[in-house]
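Dear colleague,

I am passing this structure on to you, and I would be glad if you could look through it before reading the notes below. Please keep the sequence and the 3D view open side by side as you go.

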Amino acid sequence: MSSTPVAVVTGGNKGIGFAIVRALCKQFTGDVYLTARDPGRGQVAVTKLQQEGLNPLFHQLDIEDLQSIRTLQDFLKEKYGGLNVLVNNAGIAFKVADTTPFAIQAEVTMRTNFFATRDVCTELLPLIKPHGRVVNVSSMGSVSALARCSRDLQQKFRSDTITEEELVKLMTKFVEDTKNGVHEKEGWPNTAYGVTKIGVTVLSRIQARMLNKERKADRILLNACCPGWVRTDMAGPNATKSADEGAETPVYLALLAPDADGPHGQFVSEKKVQKW
Ligand SMILES: NC(=O)c1ccc[n+]([C@@H]2O[C@H](COP(=O)([O-])OP(=O)(O)OC[C@H]3O[C@@H](n4cnc5c(N)ncnc54)[C@H](OP(=O)(O)O)[C@@H]3O)[C@@H](O)[C@H]2O)c1
């Protein structure tokens with residue numbers, strides 16, 4: 001078994017994930033895995049970084065496919081005996097102009113951004129080694145969506161005692177409410193992406209609490225973050241940041257010094273803890 005530290009980035013074949021892999025290849029002492037659901041797109045991305053003189057490794061990972069997640073889990077266990085850095089970057093968003101019915105957009109976006117990210121965490125968090133770092137890429141969209149939720153929902157999402165099960169029920173209810181055409185009446189904002197990212201931010205707060213309870217001595221730091229508005233296929237060419245600039249906050253959180261005791265369980269933007 002290798003004692004080399006290891007980092008994994010989901011959705012690494014393009015956009016912010018690709019830039020996170022690039023930065024980790026330069027700054028992380030250890031093996032860096034660029035993962036992608038499509039091995040072809042993943043290999044092209046790896047080759048691009050090799051041409052820059054970097055040495056990422058590749059592993060297939062479709063975060064919506066439990067078998068794919070478990071194959072990666074087995075591989076990491078066997079080869080490294082765990083994992084040092086996990087960056088949950090993979091995500092999707094429908095374009096504003098997309099005419100797909102809102103309820104379908106809600107279901108599809110929730111499946112990837114919240115449920116699949118949660119599945120990756122369920123399988124890989126137990127593998128995180130002492131002093132490990134976990135970064136869940138959320139969005140400022142989660143903050144603005146929270147502000148547009150009913151008082152009752154805001155209270156639930158800000159609660160320091162909400163459980164993962166309760167959060168899953170709320171995310172499921174949002175999708176159901178969109179199907180029944182009652183989501184606004186039920187206190188939800190009119191943004192599927194924003195609600196899925198509320199899920200990611202709140203999940204991170206819950207996971208950090210669980211780590212405090214169950215593995216305090218391991219000093220693992222887990223946070224949610226926003227990369228900023230970044231020029232990628234998702235956000236388009238008018239966004240303000242390059243992908244490398246968008247990678248800065250996620251990479252800062254992935255490389256928090258071993259003796260750091262925070263941030264932990266926070267929502268971080270521009271390397272600063274934001275009020276939730
Ligand atoms: N761009 C922004 O301004 C912005 C702002 C706030 C937050 N974010 C967040 O930042 C993250 C990266 O966004 P981006 O702008 O870089 O988007 P992007 O260019 O569209 O890249 C998204 C990445 O996620 C991958 N992905 C999607 N579904 C996947 C799945 N089931 N399994 C594995 N990989 C999957 C994509 O792979 P394929 O190529 O195979 O589709 C791609 O590699 C997302 O979580 C996004 O919500 C972005």
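What follows is a description of the strands, a few single residues, and the spaces in the structure.

Please keep in mind throughout that this is a predicted model.

Strands at the start of the chain

A convenient place to begin is strand β1 (6–9), which is joined to β2 by four bridges, the two strands running parallel. Within this pairing, Val8 stands opposite Tyr33 in β2. Together with α1 (15–27), which also appears below among the elements lining a pocket, β1 and β2 make a right-handed β-α-β unit. Strand β2, which spans residues 31–36, is mostly covered, since five of its six residues are buried.

From β2 the pairing continues to strand β3 (residues 57–60), again in the parallel sense and over four bridges, and here Leu34 has Phe58 of β3 opposite it. A right-handed β-α-β unit is found here as well, made by β2, helix α2 (residues 39–51) and β3.

The loop between β1 and α1 holds Asn13. Is this residue buried or exposed? Asn13 counts as buried, because its relative accessibility is 17% and the cut-off for buried is under 20%. Leaving aside neighbours within four places in sequence, Asn13 is in contact with Phe18, Leu34, Thr35, Ala36, Arg41, Gly42 and Ala45, and Leu34 in that list is the residue already named as standing opposite Phe58.

Strands β4, β5 and β6

Further along, strand β4 (residues 83–88) is joined to β5 by five bridges, and the two run parallel; Leu86 has Val134 in β5 as its bridge partner. With α4, these two strands make another β-α-β unit, which is right-handed. On its other pairing, β5 is joined to β6 by five bridges, once more in parallel, and Val134 stands opposite Leu222 in β6, so that Val134 is a convenient residue from which to trace both pairings. Strand β5 is mostly covered, with eight of its 10 residues buried.

Strand β6 is also the place of Cys226, which is buried because its relative accessible area is 5%. Which residues does Cys226 touch, not counting those up to four places away in sequence? They are Ser138, Ser139, Met140, Thr249, Phe267, Val268, Ser269 and Glu270. The C-alpha atoms of Cys226 and Asn136 are separated by 8.9 Å, although the two residues are 90 places apart along the chain.

Lys216, in the loop between α8 and β6 (221–226), is exposed, with a relative accessible area of 57%. Its C-alpha lies 31 Å from that of Asp65, and the two residues are 151 apart in sequence.

Cavity and pockets

A search of the whole structure finds one cavity of 30 Å³ or more, and the volume of this largest cavity is about 40 Å³. Its lining is formed by Asn88, Asn89, Ala90, Gly91, Asn113, Thr117, Asn136, Val137, Lys197 and Val200, which divide into three nonpolar, six polar and one charged. At least two residues of this lining come from each of α4 (102–124), β5 (128–137) and α8 (192–215).

The largest pocket has a volume of about 1400 Å³. It is lined by 50 residues, of which Gly91, Ile92, Ala93, Tyr193 and Met234 are the closest to its centre, and Gly91 belongs to the lining of the cavity as well. Four elements, α1, α4, α5 (140–147) and α8, each supply at least two residues of the pocket lining, which by class has 21 nonpolar, 18 polar and 11 charged residues.

The second largest pocket has a volume of about 340 Å³, and of the 14 residues that line it, Leu125, Glu164, Gln207, Met210 and Glu214 are the closest to its centre. Two or more of the lining residues are given by each of α4, α7 (164–179) and α8, and which element gives the largest share? That element is α8, with six residues. The lining of this second pocket divides into six nonpolar, three polar and five charged residues.

With best regards

Terms used. Residues are numbered from 1 along each chain as its sequence is written. This is a predicted model: local features need pLDDT of at least 70, side-chain atom pairs count only at pLDDT 80 or more; totals for chains, interfaces and linings use all residues. Side-chain values use heavy atoms; hydrogens and water are left out. On a 1 Å grid over the protein atoms alone, a cavity is a set of points where a 1.4 Å probe fits but cannot get out, and a pocket is an open set with protein on both sides within 12 Å along at least five of seven lines; lining residues have an atom within 4 Å of a point. Grid points are joined across faces, edges and corners, and a volume is the space filled by probe spheres set on the points. Ala, Val, Leu, Ile, Met, Phe, Trp, Tyr, Cys and Pro count as nonpolar, Asp, Glu, Lys and Arg as charged, and the others, Gly among them, as polar. Buried means under 20% relative accessible area, exposed over 50%, partly exposed in between (1.4 Å probe, protein chains only). Contact means heavy atoms within 4.5 Å. Two strands pair if DSSP finds at least two bridges between them. A crossover is right-handed if, with the strands pointing away from the viewer, the path from the first strand over the helix to the second runs clockwise.
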